[in-house]
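Student: I should like a close look at one part of this model, namely the pairing of its charged side chains.

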Amino acid sequence: METGELVFDGYRAPADAVLGGVEGRGFGQMMSGLETGRIQVAARALGVGQAAFGDAFRYAQERHTFGRPIWQHQSIGNYLADMATTLTAARHLVLHAAECAESGWRSDLEAGMAKLFASEAAMRIALDAVRIHGGYGYSTEFDVERYFRDAPLMIVGEGTNEIQRDVIIRQLIQRGGLD
């Protein structure tokens with residue numbers, strides 16, 4: 001994805017090019033696009049986390065130390081258990097946000113929560129996958145090093161996670177809390 005600067009100094013857009021088609025509706029359309037984008041980032045983060053977990057899970061069964069697979073060492077087993085639990089929670093948040101958006105009602109809260117949780121989960125899971133792989137975690141021979149590089153993009157893409165927290169609390173206040 002490339003990023004560039006656009007400058008529209010003194011540019012006047014024609015009336016038929018107004019965002020939303022009618023004056024005053026553009027902000028709502030833009031926010032709807034952000035909701036969709038945040039759900040998409042959350043889904044990508046879920047994919048990165050799933051891939052990192054899958055690689056670490058397989059590696060922990062194949063790699064042996066002290067005469068047994070490394071998943072049998074408590075710390076590695078704990079990493080894997082936490083990774084699987086976090087992935088399951090992230091998946092449910094992403095699916096819930098997608099279902100809310102699909103229903104047609106405003107879903108900034110759900111999209112923000114899904115994006116925040118899934119992207120932080122992807123980062124944590126990618127780091128744990130590197131840990132499980134040990135020194136191999138930094139080698140381009142294993143994909144976990146790429147997941148570890150890819151995960152931070154999900155934290156800043158489509159609005160940083162700090163912005164997501166602002167969106168979440170504003171929506172919670174507006175809605176009067178959680179259902």
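How far apart in helix H1 are Asp55 and Arg58?

Tutor: This is a predicted model, in which local features need pLDDT of at least 70 and side-chain atom pairs count only at pLDDT 80 or more, while totals for chains, interfaces and linings use all residues. Residues are numbered from 1 along each chain as its sequence is written, and side-chain values use heavy atoms, with hydrogens and water left out.

Asp55 and Arg58 lie three residues apart in helix H1 (residues 26–62), which means a separation of about one helical turn; helices (H or I, at least four residues) are DSSP runs, numbered from the N terminus. Their side chains form a salt bridge at 2.6 Å, N to O, the term denoting a side-chain nitrogen of Lys or Arg within 4 Å of a carboxyl oxygen of Asp or Glu. Asp55 is buried, at 16% relative accessible area, whereas Arg58 is partly exposed at 44% (buried is under 20%, exposed over 50%, partly exposed in between, with a 1.4 Å probe and protein chains only).

Arg146 offers another case. Its side chain pairs with Asp143 in a salt bridge, with the closest N and O atoms 3.8 Å apart, and a salt bridge also joins Arg146 to Asp150 (3.8 Å, N to O). Asp150 and Arg146 are four residues apart in helix H4 (residues 144–156), again about one helical turn. Arg146 is partly exposed at 32%, as are Asp143 at 37% and Asp150 at 28%. Elsewhere, Glu35, Arg106 and Asp108 are joined into one network by salt bridges that share partners. By this rule, the model has eight salt bridges.

Note on methods: Helix = DSSP H or I, 4+ residues; strand = E, 2+ residues; numbered from the N terminus.
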